[in-house]
Amino acid sequence: MHLLLVVAVALVDADSRVLIAQRPVHKALGGLWEFPGGKLESGERPEQALIRELDEELGIAVQEACLAPLTFASYGYPDMHLLMPLYICRRWEGQPQSREGQALKWVRPRALRDYPMPPADEPLIPALIDLLGP
Ligand SMILES: Nc1nc2c([nH]c(=O)n2[C@@H]2O[C@H](COP(=O)(O)OP(=O)(O)OP(=O)(O)O)[C@@H](O)[C@H]2O)c(=O)[nH]1
Ligand SMILES: [Mg+2]
């Protein structure tokens, strides 16, 4: 079994909306909506990797102290088992912008169900509704 560690974050705005990004169609699970984040590079700590991904994908700067653990996904894909800590972050510098051609959307937690997400992500939605309201 191959275990893949991916770090992801729910960025939350002043209206308690969460940012999701649409995966480019040419990638695995293309077209699905996901939380910003990605794989760790060798030697990286999870928080470091997330800060790097947020810079690369969205052009925002996040301080490590502004990342709080919320929950995690554990899901068996056919080719690997995904373990994905989901952080929450309410404070960053800059305005999130699409750096990799991905569509971006701010959505209320309940509305996440209207956007097709990877199967690993579905169990994360109730934790966001509990924290932020519907
Ligand atoms: N970022 C992110 N990845 C997710 C989520 N849910 C989920 O199953 N994944 C899976 O986790 C893996 C991480 O993917 P990624 O493509 O974002 O990794 P990355 O940013 O390092 O990109 P790269 O592979 O192009 O370098 C993918 O297999 C992806 O399908 C999610 O909500 N956010
Ligand atoms: Mg990514």
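In the predicted model, valine 6 touches Gly37, Gly38, Lys39, Leu82 and Met84, when residues up to four places away in sequence are left out of account. Valine 6 belongs to strand β1. This residue counts as buried because 21 C-beta neighbours lie inside 10 Å, where 20 or more are required. Glutamate 122 stands 116 residues from valine 6 along the chain, and the C-alpha atoms of the two are separated by 16 Å.

The surroundings of ligand 1 comprise 15 residues, of which Glu34, Gly37, Gly38, Lys39 and Pro118 come nearest. Two or more residues of this shell are supplied by each of the elements β1 (3-11) and β4 (37-39). Strand β4 gives the most, with three residues. In terms of chemical character, the shell around ligand 1 consists of eight nonpolar, five charged and two polar residues.

The largest nonpolar core contains 27 residues, and the members that touch the most others are Ala8, Val9, Ala10, Val18, Leu50 and Leu86. Elements that contribute two or more residues to this core are β1, β2 (18-22), α1 (46-58) and β6 (81-89). The largest share, six residues, comes from β1. The contacts of alanine 10 may be listed in the manner used for valine 6. With residues up to four places away in sequence not counted, alanine 10 touches Val18, Phe35, Leu70, Leu86, Ile88 and Leu128. Strand β1 thus appears both among the elements that give two or more residues to the ligand shell and as the source of the largest share of the core.

Terms used. Residues are numbered from 1 along each chain as its sequence is written. Chains are lettered from A and ligands numbered from 1 in the order in which they are written. This is a predicted model: local features need pLDDT of at least 70, side-chain atom pairs count only at pLDDT 80 or more; totals for chains, interfaces and linings use all residues. A residue is near a molecule or strand if its C-beta atom, placed from the backbone, lies within 6 Å of it. Helices (H or I, at least four residues) and strands (E, at least two) are DSSP runs, numbered from the N terminus. Ala, Val, Leu, Ile, Met, Phe, Trp, Tyr, Cys and Pro count as nonpolar, Asp, Glu, Lys and Arg as charged, and the others, Gly among them, as polar. A residue is buried if 20 or more other C-beta atoms lie within 10 Å of its own, exposed if 12 or fewer, and partly exposed in between; C-beta atoms are placed from the backbone. Two residues are in contact if their C-beta atoms, placed from the backbone, lie within 7 Å. A nonpolar core is a set of buried Ala, Val, Leu, Ile, Met, Phe, Trp, Tyr and Cys residues joined through C-beta atoms within 7 Å.
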